[in-house]
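I sat down with one structure today and kept notes on whatever I looked up. Here they are, in the order I went.

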Amino acid sequence: MYTPAITGTGVYTPEHVITNAELVEAFNAYADKMNAQNADAIAAGEMEPMDHSSEEFIVKASGIERRFVMDKTGVLDPDVMHPLLRQRSDDEPGIMTEMAVDAAKKALAQAGKTAADVDAVICAASNLERAYPAVAIEIQQALGIEGFAFDMNVACSSATFGIQAAADMVRSGSIRSALVVNPEICSAHLEWRDRDCHFIFGDVATATLIERIEDAKGPHFEILSTRCATQFSNNIRNNNGFLRRSRPDGVKDRRDMQFMQNGRKVFKEVLPMVSQHIAEHMGDNDVANTDLKRIWLHQANKTMNDFIGKKVLGRTPEDGEQPNILQDYANTSSAGSIIAFSQNSDDLDEGDIGLICSFGAGYSVGSVILRRHA
């Protein structure tokens with residue numbers, strides 16, 4: 001048996017930024033347009049008018065102040081209200097591959113490794129751009145990596161589930177190393193026309209290199225333990241898929257073909273599940289809350305993270321103990337916890353212990369307990 005370690009991480013950040021002010025302006029223009037078009041039905045009481053959004057509402061509901069996206073022109077056009085991404089030919093690299101390769105090269109550079117040092121690629125993301133061939137294999141080819149690659153999807157928990165899969169393969173000796181990449185184009189499945197969720201998501205790609213600890217060339221994080229759990233729920237759902245045209249109304253612009261959630265139930269049901277999962281994972285590994293120097297949580301909602309941080313530590317987290325990045329990136333699905341880890345881990349000292357945790361649709365939750373080696 002071998003000991004796995006995280007030796008490098010990388011983050012790809014899109015060029016386009018959408019502030020809350022820009023988003024609110026576009027949404028309110030859309031709402032005004034829809035209210036004008038349906039004025040008679042609204043006056044007759046047959047439908048409710050669309051309410052305006054506001055910057056204050058967004059920050060209070062989520063803690064989000066801006067987000068990065070692959071395309072902002074379509075999102076901010078009241079006549080479009082979704083990204084406009086160019087259709088690529090089959091001979092061109094996919095857009096997710098371009099994002100993932102950028103993040104992967106940064107992770108390799110940080111670890112002091114090259115493609116020749118990697119045995120496997122796992123593309124773990126909540127929304128893959130096609131059914132097949134696997135995006136992971138295209139990423140593998142673009143990087144010049146031998147070995148094998150595969151896709152996996154556990155929604156917002158995809159990164160930690162991918163890390164567990166990679167760590168298990170390294171631990172067993174079947175591979176020496178693996179890249180887990182998380183290219184998330186969340187803007188494409190978000191319903192930008194829905195006031196309750198139009199502000200939630202952003203786009204990004206992250207990459208994590210997992211190797212045998214003896215192969216580490218610089219500072220790294222020993223993977224002490226991983227744990228994953230799932231429990232079925234419909235409270236976060238997207239019904240889009242390849243069976244659409246086989247159903248009578250499948251090709252219609254249906255609301256359930258985009259991101260949907262019952263926010264109140266998610267909040268009520270996910271928080272206890274995640275808190276208990278982390279507590280049991282730590283307890284089974286003799287890690288006390290006083291041992292934790294840092295918690296890198298899934299970046300969905302500031303209130304949720306503050307609750308979990310307080311529950312895990314037994315007190316209100318101090319500055320830096322439970323870093324949030326969602327104010328800048330918004331919810332980036334599986335990539336959020338890895339952004340937080342990548343940007344807020346270099347300052348830890350030898351022997352410090354931290355925990356990565358992601359959670360979301362499924363329900364799903366994954367956690368990784370790490371020890372710093374400087």
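**Cores.** I began with the largest nonpolar core in this predicted model. It has 46 residues. I noted the ones with the most contacts inside it: Val-274, Ile-278, Leu-292, Ile-308, Leu-355, Cys-357 and Phe-359. Next I looked up which elements give two or more residues to this core, and found helix H1 (20-37), helix H7 (263-284), strand E11 (292-297), helix H8 (302-313), E12 and E13. H7 gives the largest share, with 7 residues. My textbook point for the margin: in soluble globular proteins, nonpolar side chains tend to be buried together.

I also found a second, separate core. This one has 34 residues, including Val-11, Met-169, Ile-339 and Leu-370.

**Phe-359.** What does Phe-359 touch, leaving aside its neighbours within four places in sequence? I listed Cys-156, Ser-157, Val-270, Val-274, His-298, Met-304, Asn-305, Ile-308, Ser-364 and Val-365. Val-274 and Ile-308 on that list also appear among the core residues with the most contacts.

**Ser-337.** I wanted to know whether Ser-337 is buried or exposed. Its relative accessible area is 1%, so I wrote down "buried", the cut-off being under 20%. Ser-337 sits in helix H10 (residues 336-343). Skipping neighbours within four places in sequence, I found Ser-337 in contact with Trp-296, Leu-297, His-298, Gln-299, Ile-356, Cys-357 and Ser-358. Cys-357 is another name I had already met in the largest core.

**Odd backbone spots.** A reminder to myself before this part: most residues other than glycine have a negative phi, and most peptide bonds are trans.

I checked Met-81 and got a positive phi of about 65°, although Met-81 is not a glycine. Met-81 lies in the loop between strand E3 (66-69) and helix H4 (95-111). Met-81 counts as buried because its relative accessible area is 4%.

Ala-330 has a positive phi too, near 65°. I located Ala-330 in the loop between helix H9 (326-329) and H10. With 0% relative accessibility, Ala-330 is buried.

Then I went after cis peptide bonds. One joins Tyr-132 and Pro-133, with omega about 0°. Pro-133 is in the loop between strand E4 (120-124) and helix H5 (135-143). Another cis bond runs from Gly-362 to Tyr-363, where omega is near -10°. I placed Tyr-363 in the loop between strand E12 (353-360) and strand E13 (364-373). E12 and E13 were already in my notes, since I had listed them as elements of the largest core.

Notes. Residues are numbered from 1 along each chain as its sequence is written. This is a predicted model: local features need pLDDT of at least 70, side-chain atom pairs count only at pLDDT 80 or more; totals for chains, interfaces and linings use all residues. Side-chain values use heavy atoms; hydrogens and water are left out. Helices (H or I, at least four residues) and strands (E, at least two) are DSSP runs, numbered from the N terminus. Buried means under 20% relative accessible area, exposed over 50%, partly exposed in between (1.4 Å probe, protein chains only). Contact means heavy atoms within 4.5 Å. A nonpolar core is a set of buried Ala, Val, Leu, Ile, Met, Phe, Trp, Tyr and Cys residues joined through side-chain atoms within 4.5 Å.
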